[in-house]
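Colleague: Before I plan around this model, could you walk me through how to read it, one feature at a time?
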Amino acid sequence: MSLLIKNAEIVTATDHYHADIWCEGEQITQIGKNLPGSSNAEVIDASGKLVFPGFIDPHTHIYLPFMGTFAKDDYSSASRAALAGGTTTIFDMCIPSRNENPLDGFRQWNSQAEGKASCDWTYHLAVTHWDETVERELREVVAAGVPSFKVFLAYKGALGIDDVELFHTLKLARELGVMVTAHCENSEIIAELQKELLASGKTGPQHHHDSRPPRVEAEGVHHLMTFAELLGTHCYIVHLSCDEALQVAMAARYRGVNVWVETLIQYLVLDKTWAERPDFEGAKYVMSPPLRDARNQPVLWNGLRTGMISTVATDHAPFDFQSQKPMGKDDFTRIPNGIPSLEERVNLLYTHGVAQGRLDLHQFVAVASTNAAKLFGLFPRKGTIQPGSDADLVIYDPQFRGRLSHAAQHSAVDYNAFEGFEICGRPAVVTLRGTVMVRDGKFVGPAGGGRFLPRKATHF
Ligand SMILES: [Zn+2]
C-alpha cells in the first residue's frame with residue numbers, strides 16, 4: 001500500500017521545511033506541496049508534528065552471551081522496543097567467542113535475527129582472536145555486507161584481544177576499507193584495581209567505577225590511536241564516557257588519525273551517583289566504561305554540538321535486576337555489565353538535548369541517525385528524507401508530556417533504568433519502509449518483517 005504524509009514539517013540533518021511525503025514500494029518517491037492522494041493510499045496528517053528520518057542505533061547487544069548468562073531481550077522484543085522509541089535500524093554487535101570463527105558468529109546472529117526482528121538491522125563483527133581461518137572468514141563476512149569490525153581492548157581472556165591480534169585486525173581493516181569500532185579500556189590495570197578493591201572489602205556496585213577510572217579509558221583510547229596512526233586504519237571509539245578519553249581521541253584527530261567518537265545516552269543523562277544507590281540498586285547502573293562524575297556531561301554535550309562526537313548510541317545490554325544482576329551480589333566484578341536504553345534513547349536525547357537547548361534539531365538528527373548512516377555505509381538509503389531513501393519516518397509529537405516506566409516498555413528486562421524520567425516529546429507514528437509500525441508509543445506493526453541491510457566498505 002502507498003502512504004501519503006500530509007502537512008509534514010520535515011527535519012533532516014541539513015534541512016527544515018514544510019511539504020507532503022509520498023511513499024511507494026517501501027521508498028520515499030516524492031516530496032512536494034499539496035501532493036494528491038490516491039484511493040488505495042493510507043493518509044497520515046502530520047500537522048503540528050515534526051517528521052524525522054528513522055533513527056539509527058549504531059551499537060546494541062540483542063543476542064548476547066556474556067559473563068556467564070544471556071542478555072534478556074531477543075530480536076523480537078528488542079526490535080519492538082527500538083521501533084516504539086523511534087529507532088528503525090540497529091547495528092548489533094555480532095560476537096563469536098574465542099573458540100568460534102567469524103562465519104560461525106555471522107550464521108548464529110543471523111539465525112537469531114531472521115524472522116524475529118521487526119526493525120532493520122546490520123552488524124559490527126567482533127574479532128576475538130586471530131589466525132589464518134579468521135582472516136579468510138573475515139574477508140568473507142565483509143564481502144557478505146558487514147564492512148565494520150569490533151575489537152575489545154578490555155575483557156582480556158574473554159572477548160578481548162592482545163596487541164598482535166589488534167595489529168593484524170587493523171591491518172586487514174585498512175586493506176578492506178573497513179571501519180574498526182573499539183571498546184577502549186586498559187584491561188590489565190582494571191584487573192589489578194579490581195583485585196585491590198575486592199581485597200580491601202570493597203565488593204559493592206559503587207566500587208565498579210574506581211576499578212575503571214577515566215584515565216584507564218583514556219589509556220585505552222591512546223593505545224588504539226597509536227595502532228590506528230601507524231596502520232592508517234579508520235577507527236570509531238564506542239561508548240566514550242569522559243573528558244579525559246575525548247581529549248586523547250581529539251589529539252589523535254589533530255595529528256591526522258581518522259577517528260570518530262560515539263557516546264551513549266546514559267552518559268548524557270545519568271552520573272555515577274546512580275551506581276552508588278543503596279540495597280544493590282546501583283547494580284542496575286553497572287556498565288563499562290562506568291557512569292562518570294557529572295562534570296563530564298557538559299563536555300559530552302559540547303562534543304556533540306561541535307562534531308567532536310558523531311553519534312549517540314545505547315550499548316543496549318539488558319540483564320534482569322532480580323535474577324541476573326545478583327550474580328555479583330558479593331563481588332561487583334561479577335555483575336553482568338549493561339543497561340537497557342534502546343527504547344528510551346531518542347526521547348531522552350530530544351528531551352535533554354533539543355527541549356533543553358543543548359542541541360538544535362539538525363544536530364539531534366545528525367547524532368541520532370544521519371552520522372551513523374554515513375559512517376557505516378547506509379546513507380542515503382537510511383538517515384535522511386529524500387526521494388529514493390527507505391520510507392523510515394518518525395512523526396514526532398513535540399507537545400507530548402509523559403514519564404518513562406517499566407510498565408509501558410517493550411523490552412523484556414525487569415526494570416527501566418530511567419523509571420519516572422519525564423519526557424518532552426514522543427513518536428506519534430513510526431514507519432519502516434512505508435509500513436506503520438508504531439502509533440502513540442505502542443508497537444502495532446507486522447512482527448518479524450525487519451531486513452538485514454548489506455553494506456559496502458567505504459573507508460579506503
Ligand atoms: Zn557494547
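Modeller: Let us start with a single side chain: Glu-244 has a relative accessible area of 16% and is therefore buried, a word used here for values under 20%, with exposed for values over 50% and partly exposed in between (1.4 Å probe, protein chains only). Please keep in mind that this is a predicted model, in which local features need pLDDT of at least 70 and side-chain atom pairs count only at pLDDT 80 or more, while totals for chains, interfaces and linings use all residues. Residues are numbered from 1 along each chain as its sequence is written, and side-chain values use heavy atoms, with hydrogens and water left out.

Colleague: Which residue forms a salt bridge with Glu-244?

Modeller: A salt bridge is a side-chain nitrogen of Lys or Arg within 4 Å of a carboxyl oxygen of Asp or Glu; the partner of Glu-244 is Arg-295, with the closest N and O atoms 3.0 Å apart. Because Glu-244 sits in helix α8 (residues 243-254) and Arg-295 in the loop between α9 (265-269) and α10 (296-306), the pair ties together parts that are 51 residues apart in sequence; helices here are DSSP runs of H or I with at least four residues, and strands are runs of E with at least two, numbered from the N terminus. Arg-295, at 42%, is partly exposed.

Colleague: How many salt bridges are there by this rule, and which residues do shared partners join into one network?

Modeller: The count comes to 23. One of them pairs Arg-433 with Glu-26, at 3.4 Å between the closest N and O atoms, and because Arg-433 lies in the loop between β17 (422-432) and β18 (435-439) while Glu-26 lies in the loop between β2 (16-24) and β3 (27-32), it ties together parts 407 residues apart in sequence. Arg-433 is buried at 7%, whereas Glu-26 is partly exposed at 31%. Another links Glu-276 and Lys-272 at 3.3 Å, N to O. Through shared partners, Glu-26, Asp-120, Arg-381, Lys-382, Asp-390, Asp-392, Arg-433 and Arg-451 are joined into one network.

Colleague: Which residues are the protein donors of the zinc ion?

Modeller: Donors are N, O and S atoms within 2.8 Å of the metal (3.2 Å for Na, K and Ca), and since water is not among the atoms, sites may look incomplete. Here they are His-59 (NE2), His-61 (NE2) and Asp-315 (OD), lying 2.0 to 2.1 Å from the zinc ion. His-59, in strand β6 (residues 55-60), and Asp-315, in the loop between β15 (311-313) and α11 (345-355), are 256 residues apart. His-59 is buried at 0%, and Asp-315 is buried at 13%.

Colleague: Why do Cys-94 and Cys-119 not form a bond?

Modeller: A disulfide is a pair of cysteine sulfur atoms within 2.5 Å, and the count is zero, because the sulfur of Cys-94 is 16 Å from the closest cysteine sulfur, in Cys-119, which is too far for a bond.

Colleague: How many cavities of 30 Å³ or more does the structure hold?

Modeller: A cavity is a set of points on a 1 Å grid over the protein atoms alone where a 1.4 Å probe fits but cannot get out, and lining residues have an atom within 4 Å of a point; grid points are joined across faces, edges and corners, and a volume is the space filled by probe spheres set on the points. There are four, and the largest has a volume of about 170 Å³. Of its 19 lining residues, those closest to the centre are His-61, Phe-66, Tyr-155, Asp-315 and Asn-337, so two of the zinc donors, His-61 and Asp-315, appear here again. The second largest has a volume of about 60 Å³, and its lining includes Lys-272 and Glu-276, the residues of a salt bridge described above.

How values were computed. 1 Å grid on protein atoms, 1.4 Å probe; cavity = no way out; pocket = protein on both sides within 12 Å on 5 of 7 lines; lining within 4 Å.
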